[in-house]
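Biologist: I would like a close look at one part of this protein, the empty space inside and what surrounds it. Please keep the answer plain.

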Amino acid sequence: MDIESNPFHVLAANPRDDRRRLLSLAEEAGLLGDEEAASSAAAELVNPRKRLAAEIAWMPGVSPKNTAVVFDKLVSDPRALIKSYSSSLLATCNIVSAALPRIILDGAQLVETALKLFKQYDEIDASSVLSEINADRAVSGFPEITDIHLVSEELQKRRHYFRAAVTSSLDNLESRELVSVVTELVDIATAEGTTHGPKLVTDVVDFYEVEAQSFLKAEEDNIDKLIDLILDAIKDGMDDEVVCKALDTFDAIVENWDAVAQPIQVCAQSRGVAHEASHDLARKIRNFGIDLFNDHEKLEFSIRITELLQKVFAEVGEVVEQTQEDAQTLQNIANQAMVADREDDAWREELTYEAKIGGFFKDTLRISPDGIVWKGQTHPLEAIQMVRWGGTRHSVNGIPSGTNYTIYFASERNWARIETKDEEVYKQFVDRLWKGVCVRILTEYLQSLRSGASIKIGPVVIQDNGLTLTRKRMLGPNEPVFCSWREIVTGHVDGSLLIAKVDERKVCVPLSYQEVNNVHILELAINMANERGLQRLSHVLGS
């Protein structure tokens with residue numbers, strides 16, 4: 001209800017007029033104008049309960065003389081009213097909201113005015129409003145209001161009018177400026193999402209979100225089409241330069257979507273809730289980046305997508321955390337050269353190593369992208385499925401006599417065992433074995449678990465959501481016990497990886513690093529899952 005359409009204005013009345021005066025004014029107004037409107041206004045004002053809505057929408061605490069000045073300025077100079085201030089906060093909010101639709105403000109002026117209105121509304125005290133209204137009712141002869149909740153309810157309804165006043169002014173702006181103004185409003189009102197903002201800023205953003213839905217949906221459809229187009233182009237062997245140009249367009253559309261969604265995201269952040277549309281889009285874009293890496297070995301493009309997510313979804317907490325993890329994972333992958341081109345000179349140089357092992361007659365040990373050469377036999381890296389290694393210290397009469405290092409690897413058809421006392425040779429070779437073989441095996445394990453398969457390493461059966469250990473019994477057979485990843489801890493004992501249930505240490509299995517295949521790989525996967533609090537091991541690859 002606008003003050004210009006308020007029953008008090010329709011009858012040229014004021015809140016201190018009694019019932020007889022109101023009926024007389026209604027009769028006069030009916031003779032001079034719209035009889036039905038005058039009759040309706042009188043009916044509302046003489047009813048004590050209905051009257052409250054008109055009183056809340058009026059200017060409590062403002063004298064009839066100053067009320068007349070307000071209406072004169074609504075016609076002659078409404079801009080002056082947005083800077084006016086009454087001793088009554090409710091009256092101020094009603095006056096400013098009446099003036100807003102009658103003027104055109106630029107972005108900066110609208111931000112200043114809206115923030116002032118938001119703050120003043122939050123400072124309105126229902127008990128003070130009740131006192132102001134009852135003071136007028138005491139003079140006019142209408143029964144006083146005794147239930148403050150009635151006033152609070154009407155003030156709550158009044159929020160819709162104040163919000164509409166601000167959004168009507170926003171409609172006067174060009175689209176880009178409108179987005180900029182709403183973003184600035186939210187940033188200032190919520191201290192960039194760190195504090196709860198005024199009630200009205202939430203109302204404005206909720207209305208803005210509804211209005212923005214068609215745009216956001218259209219842009220999301222464009223994003224979907226570009227994802228399909230880029231993936232198809234890569235499948236068809238399109239040149240990376242062409243794909244980069246498509247990604248430039250993709251980046252621009254995502255940034256455009258985020259620019260419109262940003263005030264919604266910040267407002268949600270200030271309330272401690274998730275903006276589902278942002279989460280859904282971020283998840284879709286993240287999966288796109290994962291596909292670029294997992295399915296097409298486009299690590300550079302995947303990193304680019306992760307950087308885009310970090311940039312545009314900086315206001316969405318969970319997305320920030322996830323993309324930080326993704327960025328670290330991709331960096332680790334890049335460092336380990338998981339998808340490096342095997343013919344690339346840098347990869348070949350990093351992976352290639354050669355040493356002589358033995359006494360008088362020495363054997364050559366060599367590893368390179370072409371495979372591992374040992375005792376005249378070549379083992380292709382991609383064929384190797386099992387690895388293990390470790391060192392055994394020796395002593396004579398308690399005096400250390402050195403350490404023997406053992407490295408074992410095998411494919412389905414061939415196997416090899418390397419023994420050396422040279423710690424440097426051992427470290428250099430294991431480092432390259434890890435990069436050239438173990439990372440691939442780890443990835444294959446995780447992909448297999450994701451598809452629902454299980455993997456057995458020694459006596460331990462591994463599934464995506466946990467593994468099966470053994471409860472040892474003094475009498476009777478041992479009992480298998482399934483444990484989720486959050487229920488296990490790991491440690492080291494006598495050259496073995498010890499896996500145990502957190503709250504029951506009798507449920508445990510030791511896995512020897514030198515005697516059980518791929519224990520080192522399992523340990524890394526478990527550590528990565530535990531560090532990130534993952535429920536499924538395959539989530540190391542991305543959800």
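How many nonpolar, polar and charged residues are in the lining of the second largest cavity, by class?

Modeller: Bear in mind that this is a predicted model. The lining of the second largest cavity has six nonpolar residues, no polar ones and three charged ones. The space itself is about 40 Å³. Its lining is made up of Phe8, Pro15, Glu55, Trp58, Met59, Pro60, Glu132, Ile133 and Asp136. The charged members of that list are Glu55, Glu132 and Asp136. The nonpolar members are Phe8, Pro15, Trp58, Met59, Pro60 and Ile133. Helix 9, residues 126-140, contributes most to this lining, with three residues. Those are Glu132, Ile133 and Asp136.

Now set that beside the other cavity. The count is two cavities of 30 Å³ or more. The largest has a volume of about 70 Å³. Around it sit Leu442, Tyr445, Leu446, Leu449, Ile455, Ile457, Ile462, Leu522, Ala525 and Leu537. Three elements give two or more residues each to this lining: helix 18 (423-450), strand 8 (455-457) and helix 19 (519-532). Helix 18 gives the most, with four residues. By class, this lining holds 10 nonpolar residues, no polar ones and no charged ones. Charged residues do appear in the lining of the second largest cavity, where there are three.

How are such spaces found? Rolling a probe the size of a water molecule over the atoms shows where empty space is left.

Next, look at how helices pack, with helix 12 as the example. Start with helix 10 (residues 148-170) and helix 12 (residues 199-235). Their axes come within 9 Å and cross at roughly 55°. Parallel would need under 35 degrees and perpendicular 65 to 115, so helix 10 and helix 12 are oblique to each other. The crossing is right-handed. Helix 10 brings Arg159, Phe162, Arg163, Val166, Thr167 and Leu170 to the contact, and helix 12 brings Lys199, Leu200, Asp203, Val204 and Phe207. By class, that contact has six nonpolar, one polar and four charged residues.

Helix 8 (residues 107-123) also packs on helix 12. The two axes come within 7 Å and cross at roughly 125°. Helix 8 is therefore oblique to helix 12. Leu117, Phe118, Tyr121 and Asp122 of helix 8 meet Lys199, Leu200, Val201 and Val204 of helix 12. By class, this contact has six nonpolar residues, no polar ones and two charged ones. Lys199, Leu200 and Val204 of helix 12 appear in the contact with helix 10 and again in the contact with helix 8.

Finally, take helix 13 (residues 240-271). Helix 12 and helix 13 pack at an angle of about 155°, with axes 9 Å apart. An angle over 145 degrees counts as roughly antiparallel, so helix 12 is roughly antiparallel to helix 13. Their crossing is left-handed. By class, 22 nonpolar, four polar and five charged residues make up this contact.

Note on methods:
Residues numbered from 1 in each chain as written. Predicted model: local features only at pLDDT ≥ 70, side-chain atom pairs only at ≥ 80, totals over all residues. Heavy atoms only, no water. 1 Å grid on protein atoms, 1.4 Å probe; cavity = no way out; pocket = protein on both sides within 12 Å on 5 of 7 lines; lining within 4 Å. Points joined across faces, edges and corners; volume = space filled by probe spheres on them. Axes fitted to C-alpha atoms, helices over the stretch in contact; angles between N-to-C directions. Left-handed = near helix turned anticlockwise from the far one by under 90°. Contact = heavy atoms within 4.5 Å.
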